[in-house]
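I opened the file to look up how the strands pair and what surrounds one valine side chain. My entries follow in the order in which I checked things.

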Amino acid sequence: MFTASITAPAATGTYTLTLGMVRDGVAWFGNTKSVTITVVEPAPKPQFELIAGSALTMSDSTLRGVRLGTTAEDIRAQFKCEVTVKDTSGNAVADSAAVGTGCTVNQVGGTGVATLVVVGDINGDGATGATDLMAIKTHLTGHTALKDMFYEAGDYNSDTLVSTDDYLALKVLIKKGTSKGFKAFGGALLLWGQKTFYSVVLTAVILLLPHQSFR
């Protein structure tokens, strides 16, 4: 008894494989065995696409809608296919680690790649801090302009402009200690513009005061 590896034809179809024994340079001898082999198209790999109902959007090789505090594991769960998440140096991001602007999602066994934009995280560390505020400040003063994904990351209130509104919103977010995890207060600031921004701040302050009646 012996085993052997046989490579199937590249073209799909039904083939008959006949096996027998041969004495090299002399003749075939003994019984033969024929088997039918069907070659089919390989199963298609899952596409580099987001799952149905995902809160994220992907276009122009850019993944948007990523919130502060989102982990690599959270990102991987949003795709139909197997993906890895890498930092700006090309190193794999740990499942429990927060992703930042500039990280990439890479399709395993495929060519799909998308770059992440995390609104509020301009320097790519996965959180909002003094460095991000400085980046907006230098942009507003005309010293260093924010471009492309970094501009998108600086547009915290999603009005397509990086302005003093975004600077103030991030400043409040940092003071409240909610730059990681994107808590409700930060989520509220993302959804409203300047006028509502101040009303949200006022509401938050009132909620923090001891319960009392106002007349």
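Entry 1, the sheet. I am working on a predicted model. I looked up the strand order and found an open sheet of five strands, running β3-β4-β7-β6-β5 with mixed pairing. I then looked for its edges: β3 (57-59) and β5 (83-86) each pair on one side only. I also took the angle between neighbouring strands of this sheet, which is 25° on average with direction ignored.

Entry 2, the β3 edge. I followed β3 into strand β4 (residues 62-66) and found three bridges, with the two strands antiparallel. M58 is the residue opposite L63 of β4. I noted that β3 and β4 make a hairpin with two residues between them. Which residue in the turn has a positive phi? I found D60, with a phi of about 55°.

Entry 3, from β4 onward. I checked the pairing of β4 with strand β7 (residues 113-118) and read it as parallel, over three bridges. For V66 I looked up the bridge partner in β7, and V118 came back.

Entry 4, the β5 edge. I went to the other end of the order and looked at β5 with strand β6 (residues 104-107), which pair in the antiparallel sense over four bridges. I recorded one bridge here by residue: K86 has T104 in β6 as its partner.

Entry 5, V35. I turned to V35, which I located in strand β2 (residues 27-39). Is V35 buried or exposed? I have to put V35 down as partly exposed, because its relative accessibility is 31% and that class lies between the cut-offs of 20% and 50%. I listed the contacts of V35, leaving aside neighbours within four places in sequence, and got Y15, T16 and L17.

Entry 6, Y15. I picked Y15 from that contact list and placed it in strand β1 (residues 13-23). Y15 also counts as partly exposed, because its relative accessibility is 30%. I computed the separation of V35 and Y15 both ways: 20 residues in sequence, and 8.4 Å in space from C-alpha to C-alpha.

Entry 7, the surface. I asked which residues form a nonpolar patch with V35. I found Y15 and I37 in the patch with V35, and the three have about 200 Å² of accessible area together. For the side chains I kept one general point at hand: in a regular strand they alternate between the two faces of the sheet.

Definitions and conventions. Residues are numbered from 1 along each chain as its sequence is written. This is a predicted model: local features need pLDDT of at least 70, side-chain atom pairs count only at pLDDT 80 or more; totals for chains, interfaces and linings use all residues. Side-chain values use heavy atoms; hydrogens and water are left out. Buried means under 20% relative accessible area, exposed over 50%, partly exposed in between (1.4 Å probe, protein chains only). Contact means heavy atoms within 4.5 Å. Patches are made of residues with over 30% relative accessible area and no salt bridge: like charges are joined within 9 Å, nonpolar side chains (Val, Leu, Ile, Met, Phe, Trp, Tyr) within 5 Å. Accessible areas come from the Shrake-Rupley method with a 1.4 Å probe; for residues, only the protein chains shown count as cover. A salt bridge is a side-chain nitrogen of Lys or Arg within 4 Å of a carboxyl oxygen of Asp or Glu. Two strands pair if DSSP finds at least two bridges between them. Axes are lines fitted to C-alpha atoms, for helices over the stretch in contact, and angles run from 0 to 180 degrees between N-to-C directions.
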